Amino acid sequence: MTFGERIREFRTQKGISQEKMAREMEVSLSMFAKVEQGAAKAGRAFMEKVKEHYPEASIDHIFFD
């Protein structure tokens with residue numbers, strides 16, 4: 001499973017749209033969609049925003065499995 005698939009899985013399990021998650025993380029929808037699709041890499045800042053806004057997220061699982 002790719003990073004994009006894992007972040008999508010987390011997002012859908014939470015019942016959150018791409019738009020809502022991007023807005024809450026304060027990233028553009030296009031950037032979030034590209035990361036989810038695997039067209040862009042998630043940098044450290046993106047990872048930090050996931051953890052900041054979703055502390056229950058397993059960063060190790062989402063980003064490094």
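**Exercise 1. The packing of helices α1 and α3**

Task: Determine at what angle helix α1 and helix α3 pack in this predicted model, and which residues make the contact.

Solution. Step 1: Locate the two elements; helix α1 covers residues 3-14 and helix α3 covers residues 29-37. Step 2: Consider their geometry. The helices pack at an angle of about 115°, and their axes are 6 Å apart. Step 3: List the residues in contact. Helix α1 contributes Phe-3, Gly-4, Glu-5, Ile-7, Arg-8 and Arg-11, while α3 contributes Phe-32, Val-35, Glu-36 and Gln-37. Step 4: Sort these residues by class. The contact of α1 with α3 holds four nonpolar, two polar and four charged residues.

**Exercise 2. The surroundings of Phe-46**

Task: Establish where Phe-46 is placed, whether it counts as buried or exposed, and which residues it touches.

Solution. Step 1: Phe-46 belongs to helix α4, which spans residues 44-53. Step 2: The relative accessibility of Phe-46 is 5%. Buried means under 20%, so Phe-46 counts as buried. Step 3: Leaving aside residues up to four places away in sequence, Phe-46 touches Phe-3, Met-25, Val-27, Phe-32, Val-35 and Phe-63. Step 4: Take Val-27 as one of these. Phe-46 and Val-27 are 19 residues apart in sequence, and their C-alpha atoms are 8.2 Å apart in space.

**Exercise 3. The pair of Phe-3 and Phe-46**

Task: Classify the aromatic pair of Phe-3 and Phe-46, and state which parts of the chain the pair ties together.

Solution. Step 1: Count the aromatic pairs in the model; there are three. Step 2: For Phe-3 and Phe-46, the distance is 6.3 Å centre to centre, with 80° between the planes. Step 3: Planes over 60 degrees apart count as edge-to-face, so the pair of Phe-3 and Phe-46 is edge-to-face. Step 4: Phe-3 lies in helix α1 and Phe-46 in helix α4, so the pair ties together parts that are 43 residues apart in sequence. Step 5: Phe-3 counts as buried, at 15% relative accessibility. Step 6: Ring pairs also link Phe-3, Phe-32 and Phe-46 into a cluster.

**Exercise 4. The pair of Phe-10 and Tyr-54**

Task: Explain why the pair of Phe-10 and Tyr-54 is edge-to-face, and state whether each residue is buried or exposed.

Solution. Step 1: The ring centres of Phe-10 and Tyr-54 are 5.7 Å apart and their planes stand at 80°, so the pair is edge-to-face. Step 2: Phe-10 is in helix α1 and Tyr-54 in the loop between α4 and α5 (59-64); the pair links distant parts of the chain, 44 residues apart. Step 3: Phe-10 is buried, with a relative accessible area of 10%. Tyr-54 is buried as well, with a relative accessible area of 4%.

Notes: Residues numbered from 1 in each chain as written. Predicted model: local features only at pLDDT ≥ 70, side-chain atom pairs only at ≥ 80, totals over all residues. Heavy atoms only, no water. Helix = DSSP H or I, 4+ residues; strand = E, 2+ residues; numbered from the N terminus. Buried < 20%, exposed > 50% of the residue type's maximum accessible area, 1.4 Å probe, protein only. Contact = heavy atoms within 4.5 Å. Axes fitted to C-alpha atoms, helices over the stretch in contact; angles between N-to-C directions. Nonpolar A, V, L, I, M, F, W, Y, C, P; charged D, E, K, R; others polar. Phe/Tyr/Trp six-rings, centres within 6.5 Å; stacked < 30°, edge-to-face > 60°.
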